[in-house]
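Trainee: Could you take me on a close tour of the sheet in this model? I would like to follow it strand by strand, along with whatever lies across it.

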Amino acid sequence: MGNKLSGKDLIKLGFPKNNSINIALGQINRYRKREKKESILTEAKEVLLYPEKFEGHGTWGKVAEGLIKPVQVRMHQLKTTRAPFTVFGENEIDERAKFQLYDALKLPISVAGALMPDAHSGYGLPIGGVLATDNAVIPYGVGVDIGCRMSLSIFDLPASHFRGKEHQLQAILKDNTKFGMNETHAVKADHDVFYKSEFQDIPLLKNLLPKAYKQLGSSGGGNHFVEFGIAKIDNPENEWKLGVGEYFAVLSHSGSRGLGANIAKHYTYLATKQCPLPKNVQHLAWLDLNTHDGQEYWLAMNLAGEYAKACHDDIHRRIAKAIGKKVMVTIENHHNFAWKEMVNGKECVVHRKGATPAAEGQLGIIPGSMTAPGYIVKGKGNAESLNSASHGAGRLFSRAKCKATFTQSEIKKVLKTNDVTLIGGNIDEAPMAYKDITKVMGNQTDLVEVLGTFTPKIVRMDR
């Protein structure tokens, strides 16, 4: 017998002639192909005899599920009516974004939805879309950059700390941040997140661990940034130990890097295989949380979220060390994620794709653009928005349109007018690419209370 495991070997063991054989071969080829055939067959026999012992197991869990209660793969049709929804700032949102939400609201799993005032069309759910579903998670409803988030560190330093330190601060940003596909820190940092059991238990994540370790504390391309600016506190929280005033601060925006992108790709593929849908909504394929893949994605997604936070913590730690000052206040939030939350008295999975969680009393940061202020906010817990708010100003021009419309000299002029220094940055992130943040905030006074603002001064982005 050859050393490559085949379906015939599994049938000889007694495996039923159904999809469990394909699943087993797929898992073995993906994660165990370097191992001896004999040892794999010994394990496979054990799985066949006692499948319940292997439920949730990294390699064999899916095979066990195929033996006990196979996932039903059947074509799903959209409902003819939409689940209830609310659109905030309707006149500022393009029709395509609305129709993307309308399609999502017709999924048989949809319970409720909302569109934030910064919304624009995306892939899958619109950016600024919020969707509550019944016991199912849509990998593309979370998005490719799982756990993309904001983090603001306010120092006990006055805004005047900028005076005469422009070059020194630019150097600190350049030395302590890494951007794009290939840049990583020369001195790597360790973190508790790398010791989480998911990195060992889920084969996909085990393979991604070296990449995650390498990329810790780095930011991606596109609209990701790290910037120095002025935090103006108008309405401090008691625990902040900060009075009303203007402070030196650092704001970062990025997500879970290659780890999150690979998780998104893998489980989106599995969802589209398991959940056939009409072609125009196939990218909204979901994973049932009662299935092996649904459970595994949920664990992987949450790990990617923790990793994204770890990346921000590392960035802020490096910068605080270079400045030589302690951070007084940190305000942070995800805006690409899914949570289990109560909606109309029922536990649902709430997807926020480019939306800030805004439950009552929940703190968050909503950035503007590199020349417009961001807002430090406290959620009002509005049920109609599914406890959400916008995640920024929202795009007015697509990336392609920016390249066709704006020039570098126009961008330089706008930066100079606003007294902002930019390190890196492409035309597709031109300040003019974004909607007016004050208008967006005006359209969500029912969703958040403003506690203060953050005005960028030195911005670092990918080149």
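**A walk across the sheet**

Mentor: Let's start with one pair of residues: Val87 stands opposite Leu115 in S2. The labels come from DSSP runs numbered from the N terminus, with helices (H or I) of at least four residues and strands (E) of at least two. Before we go on, keep in mind that this is a predicted model, in which local features need pLDDT of at least 70 and side-chain atom pairs count only at pLDDT 80 or more, while totals for chains, interfaces and linings use all residues. Residues are numbered from 1 along each chain as its sequence is written, and side-chain values use heavy atoms, leaving out hydrogens and water.

Now step back to the whole sheet. Five strands form an open sheet with mixed pairing, in the order S1-S2-S3-S11-S10. Its edges are strand S1 (85-87) and strand S10 (336-343), each of which pairs on one side only. On average, neighbouring strands here are turned by 15° against each other, direction ignored. Two strands count as paired if DSSP finds at least two bridges between them. In general, strands of a sheet pair through backbone hydrogen bonds, either parallel or antiparallel.

Let's cross it from the S1 edge. S1 and S2 run parallel and are joined by three bridges. S2 and S3 are antiparallel, with six bridges between them, and here Ser110 stands opposite Thr133 in S3. S2 and S3 also make a hairpin with six residues between the strands, where Gly124 takes a positive phi near 90°. Going on, strand S3 (residues 127-133) meets strand S11 (residues 346-353) through five bridges, again antiparallel. Leu131 is the residue opposite His351 in S11.

How much of S2 is buried? Of its 11 residues, 11 are buried, so S2 is mostly covered, where buried means under 20% relative accessible area, exposed means over 50% and partly exposed is in between (1.4 Å probe, protein chains only).

Next, look at the helices. Helix H5 (residues 95-105) lies across S1, strand S2 (110-120) and S3, and runs at about 170° to S2. Such angles run from 0 to 180 degrees between N-to-C directions, with axes as lines fitted to C-alpha atoms, for helices over the stretch in contact. Contact itself means heavy atoms within 4.5 Å.

H5 also links two neighbours: S1, H5 and S2 make a left-handed β-α-β unit. To judge the hand, point the strands away from you; a crossover is right-handed if the path from the first strand over the helix to the second runs clockwise.

Which residues of H5 are buried? They are Ala97, Lys98, Gln100, Leu101, Tyr102, Ala104 and Leu105. The elements covering these buried residues of H5 include S1, S2 and S3. Towards the other edge, helix H11 (residues 292-323) lies across S10 and S11, running at about 115° to S10.

To recap your tour: S1 and S2 run parallel, S2 and S3 are antiparallel, and S3 and S11 are antiparallel too. H5 lies across S1, S2 and S3, while H11 lies across S10 and S11.
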